[in-house]
Amino acid sequence: MEHEAVKGATGRSAGRGGTRTLWRRIREPLAQSRFVKNFIAGLFAWFVRLIRITSPLVKGSTQVAGGAYAHLEPGIIALWHGQHLLTPAYYPKGRPLVAMVSRSADAELNALMIEKFGIEAVRGSGGRDSTRHLDKGGAKALIALKKSLAADKNVAMIADIPHGTPRDAGLGIVLLARLSGRPILPSAIATSRRKVLEKSWDKTTINLPFGRSAVIVGTPVFVPADADDAEMERKRQEVTASLNAATAEAYRLVDGAK
């Protein structure tokens with residue numbers, strides 16, 4: 001009996017080990033599968049649409065479709081890392097938008113998801129702490145965004161630098177404004193029902209359905225074409241302040257509204 005028990009336990013252990021080995025063998029091909037990625041991106045798109053449908057905008061939200069900022073279009077929509085996930089669902093339909101998405105593998109799902117809303121994705125990293133040290137991919141992405149603005153399309157960029165100081169704008173978005181002559185529109189979306197991933201570097205917010213929502217466009221930032229290094233730094237700080245103020249106001253509205 002003892003021998004049979006040991007044999008049974010060994011068999012179960014081997015079975016679990018075999019299952020783990022099998023999963024490891026199929027996990028990577030699944031992760032690389034275009035079909036699987038599109039399926040997951042479709043689920044994400046469905047979820048953010050559900051949030052938009054079930055979370056009415058509160059009084060005080062910025063009217064983004066044909067509102068007070070329409071005369072500033074095409075513009076550069078500035079967003080914070082971890083606070084941008086609902087943007088595709090709240091962006092007005094029928095208005096062209098090109099969004100910069102990180103070139104990291106993790107961001108590929110985000111690129112696929114926004115494309116399901118008719119938003120064009122440009123891959124690159126646009127935060128940057130120096131306008132003189134853009135990598136080749138980042139420079140190409142900024143050029144593509146500049147061309148999009150010239151073609152009368154709005155563009156969207158994450159303002160802070162990946163894995164840098166959260167909610168502190170980099171110079172990449174300021175450089176795009178200087179090169180294009182178009183204003184930066186600091187924007188924030190918040191929901192009353194949400195889960196904050198406290199251990200993430202940017203305090204990523206997972207928005208949840210069946211609550212209230214708010215959209216705030218903050219004070220626009222204009223960057224002159226002849227801005228020197230000192231002026232670029234002032235404008236960077238201006239973007240940071242305006243975007244933080246917009247974010248605080250969006251959260252105040254959803255958390256304070258009755």
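## Backbone exceptions, cores and a pocket

Pro74 is placed in the loop between α2 (34-54) and β1, where helices (H or I, at least four residues) and strands (E, at least two) are DSSP runs numbered from the N terminus. The model is predicted, and local features need pLDDT of at least 70, side-chain atom pairs count only at pLDDT 80 or more, and totals for chains, interfaces and linings use all residues. Residues are numbered from 1 along each chain as its sequence is written, and side-chain values use heavy atoms, with hydrogens and water left out.

The peptide bond that leads from Glu73 to Pro74 is cis, with omega near -5°. Most peptide bonds are trans, and most residues other than glycine have a negative phi. Two residues that are not glycine have a positive phi here, Asp152 and His163, and the table sets them side by side, with buried meaning under 20% relative accessible area, exposed over 50% and partly exposed in between (1.4 Å probe, protein chains only).

| Residue | Phi | Loop | Relative accessible area |
|---|---|---|---|
| Asp152 | about 70° | between α5 and β4 | 43%, partly exposed |
| His163 | near 60° | between β4 and α6 | 66%, exposed |

A nonpolar core is a set of buried Ala, Val, Leu, Ile, Met, Phe, Trp, Tyr and Cys residues joined through side-chain atoms within 4.5 Å. The largest one has 27 residues, of which Ile76, Leu145, Ile173, Leu176, Ile184 and Val223 touch the most other members. Two or more residues of this core come from each of β1 (76-79), β2 (97-101), α5 (136-150), β4 (154-158), α6 (172-180) and α7 (229-256), and α6 gives the most, with five residues. Another core, of 24 residues, lies apart from it and has Ala45, Ile77, Tyr90 and Ile158 among its members.

A pocket is, on a 1 Å grid over the protein atoms alone, an open set of points where a 1.4 Å probe fits, with protein on both sides within 12 Å along at least five of seven lines, and its lining residues have an atom within 4 Å of a point. The second largest pocket holds about 400 Å³ of space, a volume being the space filled by probe spheres set on the points. Its lining has 19 residues, and Pro88, Ala89, Tyr91, Pro92 and Lys93 lie nearest the centre. At least two lining residues come from each of α2 and α3 (87-90). By kind, the lining of this pocket divides into 13 nonpolar, two polar and four charged residues, with Ala, Val, Leu, Ile, Met, Phe, Trp, Tyr, Cys and Pro counted as nonpolar, Asp, Glu, Lys and Arg as charged, and the others, Gly among them, as polar.
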